[in-house]
Amino acid sequence: MGHTFAEKALARAAGLPGAAAGQVVDARPDIVLSHDNTAAIARIFRSIGLERVVIPDRMAITLDHAVPAPNARHAQNHAEVRAFVREQGVRNFFEVGRGICHQVLSEEALVLPGQLILGADSHTTHFGWLGAFGAGVGRTEVAALWATGELWLRVPESMKIVVVGELGTGVTAKDLCLHVIGQLGADGGLYQSVEFAGPAIERLSLESRMVIPNMMAEFGAKNAYLPPDGAVFQYLSERRARKLPVSNSKSQISDHTSAISNLALYPDPDAAYAAVHTFDASTIELTVSCPHAVDATQPLSAVRGTRVHQAFIGTCTNGRLEDIAAAAEIVKGRKVAPGTRLLIVPASSEVYAEAIRCGYAQTLLEAGAVFGTPGCGPCMGNHMGVPAPGEVCLSSANRNFKGRMGQPEAEIYLASPAVVAASAVRGAIADPREIVGA
Amino acid sequence: MRDLPSAISHRPSAIAGRVWKYGDGVNTDVIFPGKYTYTLRDPAEIAAHALEDLDPAFAAQAQPGDIVVAGRNWGNGSSREQAVTCLKYRGIAAVVAKSFARIYYRNGINQGLLLIACPEVVEAAQTGDVIEIDPAGSLIRLDGRGYPFPPLSPTALSIIAAGGLVPHLRRKLGLTSTAVVEIGDC
């Protein structure tokens, strides 16, 4: 019997010749991620009775959840994180405004195919886009990782999701994810390694691929996996080469690409899956999650015309360049509807700079959009776009739980960035194909 | 395995306990209601509310050493650790379920509560039965029949033995700190 990706990745991380679903292994992650919660984890760490972390070079810390500090309490928290970073000599530290942890660590090429990343953040599943094993863990567990460099993990059963066919015009990876979660339920992938395959996945742009494992946190998944290909290896090798002091000649990039591709892990053709689901991409419609659950999905046509007060494009799910480009295309020469606000928070400083360079930011500003500092923005209600009671926010984020954005009396709908931008122009939930086609 | 707790090291093949049987999809709110999560700190008080909105008889009648047996997705919902500690403080020896919500499972081990995924024995066991768990042999016995389950790693067993992840780490690293673990909210 062959092995799944999860079995192979966790065997490698534990230094074992093999591992089977259900087995508990002691794994050594290549990267341990934390963010604004670093100061709280440091307090747990010290309560163990320790002073020095043993893995400063395997730690990555971003300030992203509430940036720049919206109040004195957050400012104090950030100061404690910076002091801890200095004290422990953590080099992979990313300041306020650099961007969201998952986007920044991808851009910095800190995680490679086949590697293990554990983070004190539930969307650490994100790194499956690289063919890495990414999983969220608790704060106490991150403190334990800092103390010992390893953590016990149960090897998950795996679910295979095959996506055949081709996504229709205007239908995105976000619609695919919302459709899958709506069909199989928010616990449909509970505790599993959700391993994607199929021609519709292979055709996706790299930025669209990032959406999928990120959203699988809302499916109950432990991790999610997309098979990495040459485009992924190239992305990583170019970014690794940029950090080298010498010129990044084509041959060097080629060497890196080859070394990175050698790390990639693929499930065996006869791997044992707990379930296999096949979706035909061509039948998937524009999809919207309705309050207050991600699996409360509807085809856009069923909620079209719902009044929108705030339209938000951003987050680790959908705050990248292609998302901002899609929004710019829709609003170009148009205006955000009176009574509606369009808020854009780029996922990173690099995304922001590119959006300016490409003219997307100018187009969006002329249409009446507002830009926020790269980071998580209003996603979890810390600041910078908290809705008022009774308001509707249409968001490109990943969660629409009651109170998620800081106001339990607000309603949050989830959709693709294109749907969010079209709805900002109409002031109500709208199909972007009606606007750009008009 | 000198550092296993008395329940495991002294009776390695016999954690026998009376079964409390529940169904699928039991969430953390009915295991330990959210309204108590920020107000109760005393272990006895936390234990008194265990399964309050699922089975009032449990808090009144459960005995130390009893075993909770449940269906799929035990502990889904919140990450609150009291959903684990309320059972631990009540003296529950183990939870055997068809499956656990991911965060609950980790919280269980890290808080020192034995959690075992064994769907076959869940089908067979009923409230009031006595089942016997052999953690070292990865076997549950009921009515003379054995039900195997995937073995826990020595690490997971020793975390449970130490009473949780923080005490486990202190022991492993030879530390004597007795500082209270503070989990901040920021």
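How many bridges join strand 14 of chain A to strand 17 of chain A, and in which sense do the two strands run? I opened the notebook with this point and recorded 3 bridges, with strand 17 covering residues 392–395 and the two strands running parallel. I note at the outset that this is a predicted model.

**Entry 1. Strand 14 and its partners**

I next looked up the other pairing of strand 14. Strand 14 of chain A also pairs with strand 15 of chain A, residues 341–345, in the parallel sense over 5 bridges. I then followed A:Q310 into both partners. Its bridge partner in strand 15 of chain A is A:R341, and its bridge partner in strand 17 of chain A is A:C393.

I asked whether strand 14 of chain A is enclosed or open, and why. I found that 5 of the 5 residues of this strand, residues 310–314, are buried, so the strand is largely enclosed by the rest of the structure. I checked the faces separately. On one side I listed A:Q310, A:F312 and A:G314, and on the other A:A311 and A:I313; all are buried, and both faces of the strand are therefore entered as covered.

**Entry 2. Chain A as a whole**

I stepped back to the whole of chain A. Its secondary structure comes to 17 helices and 18 strands. Its C-alpha atoms fill a box of roughly 60 × 55 × 45 Å along the principal axes.

I compared the radius of gyration with the value for a compact globule. For 438 residues such a globule would be near 22 Å, and chain A has 21 Å, which agrees. I recorded that 58% of the 438 residues in chain A are buried. Of the contacts in chain A with a separation of 6 or more, 76% are between residues 24 or more positions apart.

**Entry 3. An open sheet**

I traced an open sheet of 4 strands in chain A and wrote down its order as 10-9-8-11, with parallel pairing. Its edge strands are strand 10 (223–225) and strand 11 (275–280) of chain A, each of which pairs on one side only. The twist from one strand to the next averages 20°.

I examined one pair within this sheet. Strand 8 of chain A, residues 158–164, runs parallel to strand 9 of chain A, residues 193–197, and 5 bridges join them. I picked out A:I161 and found that its bridge partner in strand 9 of chain A is A:F196. As background I noted that strands of a sheet pair through backbone hydrogen bonds, either parallel or antiparallel.

**Entry 4. Two domains of chain A**

Which domains does the domain assignment of chain A give? I found domain 1 (156–227 + 265–284) and domain 2 (288–436). The C-alpha centres of these two domains of chain A lie 24 Å apart. The contact takes 20 residues from domain 1 of chain A and 18 residues from domain 2 of chain A.

I looked at the domain 1 side of this contact. Helix 6 (173–184) and helix 8 (206–215) of chain A each supply at least two residues to it. By class, this side has 7 nonpolar, 9 polar and 4 charged residues.

I then turned to helix 8 of chain A itself, which is mostly covered, with 8 of its 10 residues buried. Among the buried residues I noted A:S208, A:R209, A:M210 and A:V211. A:I212, A:P213, A:N214 and A:M215 are also buried.

**Entry 5. Where chain A touches chain B**

I looked up the contact between the chains and found 28 residues of chain A in contact with 28 residues of chain B. On the chain A side, the elements that give two or more residues are strand 1 (24–27), helix 2 (38–48), helix 3 (72–88) and helix 5 (139–148) of chain A. By class, that side has 12 nonpolar, 9 polar and 7 charged residues.

**Entry 6. Chain B and B:G25**

I counted 9 helices and 7 strands in chain B. Of its 186 residues, 42% count as buried. Among contacts in chain B between residues at least 6 apart in sequence, 68% join residues at least 24 apart.

I closed with B:G25, which lies in the loop between strand 1 (15–21) and helix 2 (28–31) of chain B. With 16 other C-beta atoms within 10 Å, B:G25 is partly exposed. Leaving aside its neighbours within four places in sequence, I found B:G25 in contact with B:R72, B:N73 and B:N76. B:A70 is 45 residues from B:G25 along the chain, and their C-alpha atoms are separated by 8.8 Å.

Notes:
Residues are numbered from 1 along each chain as its sequence is written. Chains are lettered from A and ligands numbered from 1 in the order in which they are written. This is a predicted model: local features need pLDDT of at least 70, side-chain atom pairs count only at pLDDT 80 or more; totals for chains, interfaces and linings use all residues. Two strands pair if DSSP finds at least two bridges between them. Axes are lines fitted to C-alpha atoms, for helices over the stretch in contact, and angles run from 0 to 180 degrees between N-to-C directions. Two residues are in contact if their C-beta atoms, placed from the backbone, lie within 7 Å. Ala, Val, Leu, Ile, Met, Phe, Trp, Tyr, Cys and Pro count as nonpolar, Asp, Glu, Lys and Arg as charged, and the others, Gly among them, as polar. Domain bounds come from an automatic or database domain assignment. A residue is buried if 20 or more other C-beta atoms lie within 10 Å of its own, exposed if 12 or fewer, and partly exposed in between; C-beta atoms are placed from the backbone. The radius of gyration is taken over C-alpha atoms; the globule rule is 2.2 Å times the number of residues to the power 0.38.
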